[in-house]
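Here is a short report on one protein model. It starts from a single residue and works outward.

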Amino acid sequence: MEKIKILVIDDNETNLALIKHILTKVGYEVVAASTGQEGIEVAFKGQCQLILLDIMMPGMDGFEVMETLQADSQARKIPVIFLTAKQDSQDMIRGLSLGAQDYITKPINPEVIKLRIANCLKLTMTNKHLQTVITDLTREILLRTDVEINLRAKKEELQEFAMLDALTKIHNRRMLDEGLERILKEMHRNNSVVSFLMCDIDFFKNFNDTYGHKAGDLCLFKVAKAISQATFRPGDLVARFGGEEFALLLPDTNELGALQVAKNIQSNLKQLAISHADSSVNELVTISIGMHTMKPKTGKEIAILVERADKALYHAKNNGRNQICQCDEDENCSPI
C-alpha cells in the first residue's frame, strides 16, 4: 500500500527532524521544506496528502503560504494543520478562517501530533466520500423527472454549491442573475429602492503580465474578499461578474448607502496594499466602481439596472480609473 505523504513546512531544522522522526516511525512518508516558497512548489505539484505548516517563518510566513494555497484550485484541496509556538487566540482564529483544518502548538507532543494527523486524514477521507455521494446524487437528479421530496432538498443543497465561483469563493454569475430577478420583483412589491455596483480591477491584464497568473488568481481572491467585507447585511449579494469584474446587488439601499459600500471597498483594497508596478494610476492595485440606484416600476428592469451601472463603470474607467461614478435616471454619469 502506498504511504501517505505529509509535507512539513518549517524553517527550524530541529523541528523538521523531530516531526520526521515521529511520523516516519508510524508509517508516514515525510517531505520537508524549510521555506514557504519551497513548500508551495511541492504542494502545487500535488506531492502530498497533508501539510503541516509553521506560522513564524522568515520571508513568507505561514499565513501568506496558506493564502497562496487557497488561491490555487488544486492546492486548496490539501488539508493544512498549522504548527506554532504562539498562543494568541487571534492567530488561531486567523489560521482557521483561512482554511486550516487544525492547529497544533509547540513544543511538539508526539502523541498529540499523531492523533491530530490521524483525525484530519480521517475527516478528509470522509469529505471526499461525501463529495462522491454529492456527485452521484447530482447525476441521479439530472436523469430523473419525478423527484421525491427528500431528493429535492438535496438538490437545493447541491445547487448552493453550484452558485459559488471556484476561485474567489463568492457567488458566481448564475447566482447574481437569479438574485437580480428575485430582488427587483421584491423591491417593486415593497415600493423600495435597489442599488447595483459594478467593480473592475484597474489594469488587471497588466498585473497578470507582470506577476504571472498564479499571482493574478491570488489577487482576485483577495479583492473578492475585500469586496465581500464591504457590506454586512445578509440580503446583500456579492458576485464575480466575470474575469476581473465584480458586482454587488444591494436591496433597500439608496444612493448614500451604495456610496458608503463603494467607499468601504476602496478602503479595504487600500489596506490590502497589493503591489502593482504596471498600473498607470497607482503603485498598488486599485478598482473602478460604477453604481446606479432605482425604484423598480415593474420589477423587470434588470437590463436597465445593470446597463446603467456598467455605463457608470465605463465612465470611471475612461476618466482616470480608481474612482466611483454614478449613473442617474437620465443616464448622465459623473464621479462621486
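M66 sits in helix α3, which covers residues 62–70. This is a predicted model. M66 has a relative accessible area of 0%, so it counts as buried. Set against A262, M66 is 196 residues away in sequence. The C-alpha to C-alpha distance between M66 and A262 is 28 Å.

**Overall frame**

The protein holds 11 helices and 11 strands. Its C-alpha trace spans about 75 × 55 × 35 Å along the principal axes. The protein has 336 residues, and 45% of them count as buried.

**A second distance pair**

E329 belongs to the loop between β10 and β11. E329 has a relative accessible area of 57% and is therefore exposed, as the cut-off is over 50%. E329 and A32 lie 297 residues apart in sequence. In space, the distance between E329 and A32 is 61 Å, C-alpha to C-alpha.

**Negative patch**

E329 is also part of a surface patch of negative charge. The patch gathers E255, D328, E329 and D330. D330 is placed in the loop between β10 (324–327) and β11 (333–335). D330 counts as exposed because its relative accessibility is 62%.

**Salt bridges**

How many salt bridges does the count come to? The count comes to 16 salt bridges. Three are listed here, each with its N to O distance.

| Lys | Acid | N to O distance |
|---|---|---|
| K5 | E29 | 3.8 Å |
| K106 | D54 | 3.2 Å |
| K317 | D200 | 3.8 Å |

Take the salt bridge of E29 and K5, at 3.8 Å, N to O. E29 lies in strand β2 (residues 29–33) and K5 in strand β1 (residues 5–9), so the pair ties together parts that are 24 residues apart in sequence. E29 is partly exposed, at 35% relative accessibility. K5 is partly exposed too, with a relative accessible area of 22%.

Next come K106 and D54, whose side chains meet in a salt bridge at 3.2 Å, N to O. This pair links distant parts of the chain, 52 residues apart. K106 is in the loop between β5 (102–105) and α5 (110–143). D54 is in strand β3 (residues 50–54). Are these two residues buried or exposed? Both K106 and D54 are buried.

The side chains of K317 and D200 also meet in a salt bridge, at 3.8 Å, N to O. K317 lies in helix α11 (residues 302–318) and D200 in strand β6 (residues 194–201), so this pair ties together parts that are 117 residues apart in sequence. K317 counts as partly exposed, at 25% relative accessibility. D200 counts as buried, at 4%. Salt bridges with shared partners join D10, D54 and K106 into one network.

**Backbone geometry**

K106 returns here. The peptide bond from K106 to P107 is cis, and omega is near 5°. P107 lies in the loop between β5 and α5.

Positive phi values come next. K169 is not a glycine, yet its phi is positive, at about 70°. The loop between α6 (149–162) and α7 (173–189) is the place of K169. K169 has a relative accessible area of 43%, so it is partly exposed.

N322 is a residue other than glycine with a positive phi, near 50°. N322 is placed in the loop between α11 and β10. At 32% relative accessibility, N322 is partly exposed.

**Cysteines**

How many disulfides does a search of the whole structure find? The search finds 0. A disulfide is a covalent bond between the sulfur atoms of two cysteines. Why does C48 have no such bond? The closest cysteine sulfur to that of C48 is in C120, 12 Å away, which is too far for a bond. The cut-off for a disulfide is within 2.5 Å. From the side of C120, the closest cysteine sulfur is in C48, at 12 Å and again too far for a bond. C48 is buried, with a relative accessible area of 6%. C120 counts as buried, at 5% relative accessibility.

How values were computed. Residues numbered from 1 in each chain as written. Predicted model: local features only at pLDDT ≥ 70, side-chain atom pairs only at ≥ 80, totals over all residues. Heavy atoms only, no water. Patch = residues over 30% accessible without salt bridge, like charges linked within 9 Å, V, L, I, M, F, W, Y side chains within 5 Å. Areas by Shrake-Rupley, 256 points an atom, 1.4 Å probe, with all protein chains shown as cover. Salt bridge = Lys/Arg side-chain N within 4 Å of Asp/Glu carboxyl O. Lys, Arg positive; Asp, Glu negative; His and termini not counted. Charge placed at Lys NZ, Arg CZ, Asp CG, Glu CD. Helix = DSSP H or I, 4+ residues; strand = E, 2+ residues; numbered from the N terminus. Buried < 20%, exposed > 50% of the residue type's maximum accessible area, 1.4 Å probe, protein only.
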